[in-house]
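Hi,

Here is the structure I promised to pass on. Have a look at it first, and my notes on what turned up are underneath.

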Amino acid sequence: MSDKHQHWIDLRSDTVTQPSEAMRAAMAAADVGDDVYGDDPSVNRLQDFAADLFGFEAGMFAPSGTQTNLIALMTHCGRGDEYLVGQEAHTYKYEGGGAAVLGSIQPQPIANQADGSIALADIEAYIKPDDMHFARTRLLALENTIGGRVLGQDYVAAATALAHGKGMATHLDGARICNAAVQQGLGLRAAVAGFDTVSVCLSKGMGAPVGSVLLGPKAFIEQGKRWRKMLGGGMRQAGVIAAAAQYALEHNVQRLAEDHDNAAELARGLAQIAALKVGTPQTNIFWMDVPAAACEPLRQALARERIRASVGPRTRLVTHLDVSRADVARTVEVFKAFFSTWSGA
Ligand SMILES: *Cc1c(COP(=O)(O)O)cnc(C)c1O
């Protein structure tokens, strides 16, 4: 099966996608200007297009989802404010503590339930009274999908209504909100209902090389642009990458269903291997338990067959637009071949 011309199958993340020929053509053809002056027509078009698509007044294009989340947190919250966030959430766990370090914002992490939600009773319990001893609880931040799990509409409606009822704002880290929408058969506007602001990544399963958009009320986005500049996110002829992001939103949303189907197929195939304990994917991301002693030899066996995966005792596998159904079949074959000879030592 080893064929040195065979392409690599990369299951580490959906961030590894390559821009397609058609996307590169859109990038090459993009009209550009200096976006710090607001002069880039392709950036302006993307921001307006994304805002309309998700049902917001305005949008801001930025280099990364880490930055759009941080800009949102810093615009919602000031020094000495806090935001309620899941213990497993990206903004809390995987963004270098930016809200605290750069925003002087205290995170109040709350345990995530098995389905990825934060229990409504916990949200309520962690909202602090107006008392000089406490940080001011200003914001609820949710993430959808979270670790590949979809937060359902009823939960999102209840959680955002609870926060608003307590005078708080709501932010969605919607890095993969398009996956959540497609999985539920929901429109994008319906999928973000209840949130004052949303961050959407275009560089994951959407297939663009770079960039995220932050969406919200016009005044909020204008204020946020000051933080974006301060954080080094003011870009000049960014239309070249905005055109790729625009292409992604126009062409790559509904096809996410293929990634979800491929993840389900991959999980079904791997579940036939007795040594593995494989989770059931809801979208394009799932986890499986791999015996610790198998991890290093498995990693090597996969690399020999040109498959990249973040193999560990708790292995995360991710499908995306550069993983085909044939790639799924090849991956399952390689895993089966490895475990057919693995002694279990
Ligand atoms: C990837 C990701 C982000 C932002 O990541 P960047 O690499 O900075 O674009 C934010 N939230 C979630 C849930 C993510 O998966």
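Let me start with arginine 228, which counts as buried because its relative accessibility is 6%, under the 20% cut-off. Keep in mind throughout that this is a predicted model. Arginine 228 sits in helix 10, which covers residues 218–230. What does its side chain meet? A polar atom of the arginine 228 side chain lies 2.5 Å from the backbone oxygen of phenylalanine 61.

Next, the ligand. The residues around the ligand are Ser64, Gly65, Thr66, Asn69, His90, Glu95, Glu143, Asp173, Ala175, Arg176, Cys201 and Lys204. Sorted by class, that shell has five charged, five polar and two nonpolar residues. Which helix gives the most to the shell? That is helix 3 (residues 65–76), with three residues.

A few polar atom pairs are worth pulling up on your screen:

- Lysine 204: a polar side-chain atom is 2.7 Å from an oxygen atom of the ligand.
- Glycine 65: a polar backbone atom is 2.8 Å from an oxygen atom of the ligand.
- Histidine 90: a polar side-chain atom is 3.4 Å from a nitrogen atom of the ligand.

As for how covered the ligand is, it exposes 380 Å² when taken alone, and the protein buries 82% of that.

Two residues tie parts of this region to other places along the chain. Aspartate 173, one of the residues around the ligand, is in strand 6 (residues 169–174). With a relative accessible area of 4%, aspartate 173 is buried. Its C-alpha atom is 8.7 Å from that of alanine 89, with the two positions 84 residues apart along the chain. Alanine 89 is in the loop between strand 3 (81–86) and helix 4 (90–93), and at a relative accessible area of 5% alanine 89 is buried as well. If you measure from aspartate 173 to asparagine 284 instead, the C-alpha atoms are separated by 17 Å, and the two residues are 111 apart along the chain.

Back in helix 3 there is isoleucine 71, which counts as buried at 0% relative accessibility. Its C-alpha atom is 8.9 Å from that of arginine 226, although the two are 155 residues apart along the chain.

Now for two helices that I checked end to end. Helix 7 (residues 153–165) has 13 residues, so at 1.5 Å a residue it should span 18 Å, and its end C-alpha atoms are indeed 18 Å apart. Which of its residues are buried? They are Tyr155, Val156, Ala159, Thr160, Leu162 and Ala163. Looking down the axis of helix 7, these buried residues fall within an arc of 155°, so they line one face of the helix. The face turned away from that buried side carries the exposed residues Asp154 and Gly165.

Helix 11 (residues 239–251) passes the length check too: its 13 residues should span 18 Å at 1.5 Å a residue, and the end C-alpha atoms are 18 Å apart. Helix 11 is mostly covered, with 10 of its 13 residues buried. Among the buried ones are Gly239, Ile241, Gln246, Tyr247 and Leu249, along with several alanines, including Ala242 and Ala248.

Last, some backbone geometry to look over. Most peptide bonds are trans, and most residues other than glycine have a negative phi. Here are the places I would point you to:

- The peptide bond from asparagine 144 to threonine 145 is cis, with omega near 0°. Threonine 145 is in the loop between strand 5 (136–143) and helix 7.
- Serine 104 is not a glycine, yet its phi is positive, at about 55°. It is in the loop between helix 5 (98–103) and strand 4 (106–110), and at 36% relative accessibility serine 104 counts as partly exposed.
- Arginine 306 also has a positive phi, near 60°. Its place is in the loop between helix 13 (295–304) and strand 11 (307–308), and at 23% relative accessibility arginine 306 counts as partly exposed.

That is everything from my side.

Cheers

Conventions: Residues numbered from 1 in each chain as written. Predicted model: local features only at pLDDT ≥ 70, side-chain atom pairs only at ≥ 80, totals over all residues. Heavy atoms only, no water. Near = heavy atom within 4 Å. Polar contact = N/O pair within 3.5 Å; in protein donor to acceptor, adjacent residues only side chain to side chain. Areas by Shrake-Rupley, 256 points an atom, 1.4 Å probe, with all protein chains shown as cover. Helix = DSSP H or I, 4+ residues; strand = E, 2+ residues; numbered from the N terminus. Nonpolar A, V, L, I, M, F, W, Y, C, P; charged D, E, K, R; others polar. Expected span 1.5 Å × (residues − 1). Buried < 20%, exposed > 50% of the residue type's maximum accessible area, 1.4 Å probe, protein only. Arc of directions from axis to C-beta.
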